[in-house]
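Colleague: Got a minute to go through this one with me? Pull it up and I'll fire off questions.

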Amino acid sequence: MGFFYRHNIHPYTECLKRQHTLQAYADQIGLKVIIQEGYDLEGFIQNVVHRESDRCRHCYHDRLRTTALLAKRGKFDYFTSTLLYSRFQKHDLIRSVGESVGKSVGVPFYYQDFREGWKVGVDASKTLGMYRQPYCGCIYSEKERFFRSDEGTTG
Ligand code: SF4
């Protein structure tokens, strides 16, 4: 069972691109996916403002806790995260947040270093012609990816 969390993916049009990519692939392979309701961009920003440099900790916590609560409600044996697949994420932090959230919610966090499959996944996504995200998700990560301080402001 898959779960797509939306609040940290900005702007909304980017969130929809990723969601539609997942939904199309899930349909192809027969995977059931729960799409998070709503789009609380405002709540996400309010939770990380003034601690932007540590925002990923909050982000991981909220995403993993939301997933764990769903897993608990659905009586699943474990929950985990595609975050563990990324070479760009703070892998050890994800593991420690996942394990702590799992203990507090009462569903074990399944840990595996999915980065081993990174290249295979990238190649498969290109072969399938999937949309590939150009930055992590939040508006801060979009700035980190694209902003160059030497760019002018006139034009
Ligand atoms: S960079 Fe990625 S993990 Fe970090 S806060 Fe933004 S969306 Fe979340």
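Colleague: Where do Arg18 and Glu14 lie?
Modeller: Both are in helix α1, residues 12-29. They sit four residues apart, about one turn of the helix. Keep in mind that this is a predicted model.

Colleague: And what do their side chains do?
Modeller: The side chains of Glu14 and Arg18 meet in a salt bridge, at 2.8 Å from N to O. Side chains of opposite charge can pair when their charged atoms come close.

Colleague: How many salt bridges does the count come to?
Modeller: Six.

Colleague: OK, switching to the ligand. Which helix gives the most to the shell around it?
Modeller: Helix α3, residues 55-73, with five residues. The residues around the ligand include Asn8, Phe44, Gln89, Cys136, Gly137, Cys138 and Ser141. Arg55, Cys56, Cys59, Tyr60 and Arg63 are also among them.

Colleague: What's the mix by class in that shell?
Modeller: Six nonpolar, four polar and two charged residues.

Colleague: Back to α3, then. How do the axes of α3 and α4 cross?
Modeller: At roughly 40°, coming within 9 Å, with α4 being residues 91-105. That angle makes α3 oblique to α4, because it falls in neither the under 35 range nor the 65 to 115 one. The crossing is right-handed.

Colleague: Which residues make the contact?
Modeller: From α3, Arg57, Tyr60, His61, Leu64, Arg65, Ala68, Leu69 and Lys72. From α4, Leu93, Ile94, Val97, Gly98, Val101, Ser104 and Val105.

Colleague: And how do those divide by class?
Modeller: The contact of α3 with α4 has nine nonpolar, three polar and three charged residues. Tyr60 of α3 is in that contact, and Tyr60 is also one of the residues around the ligand.

Note on methods. Residues numbered from 1 in each chain as written. Predicted model: local features only at pLDDT ≥ 70, side-chain atom pairs only at ≥ 80, totals over all residues. Heavy atoms only, no water. Near = heavy atom within 4 Å. Helix = DSSP H or I, 4+ residues; strand = E, 2+ residues; numbered from the N terminus. Nonpolar A, V, L, I, M, F, W, Y, C, P; charged D, E, K, R; others polar. Axes fitted to C-alpha atoms, helices over the stretch in contact; angles between N-to-C directions. Parallel < 35°, antiparallel > 145°, perpendicular 65-115°, else oblique. Left-handed = near helix turned anticlockwise from the far one by under 90°. Contact = heavy atoms within 4.5 Å. Salt bridge = Lys/Arg side-chain N within 4 Å of Asp/Glu carboxyl O.
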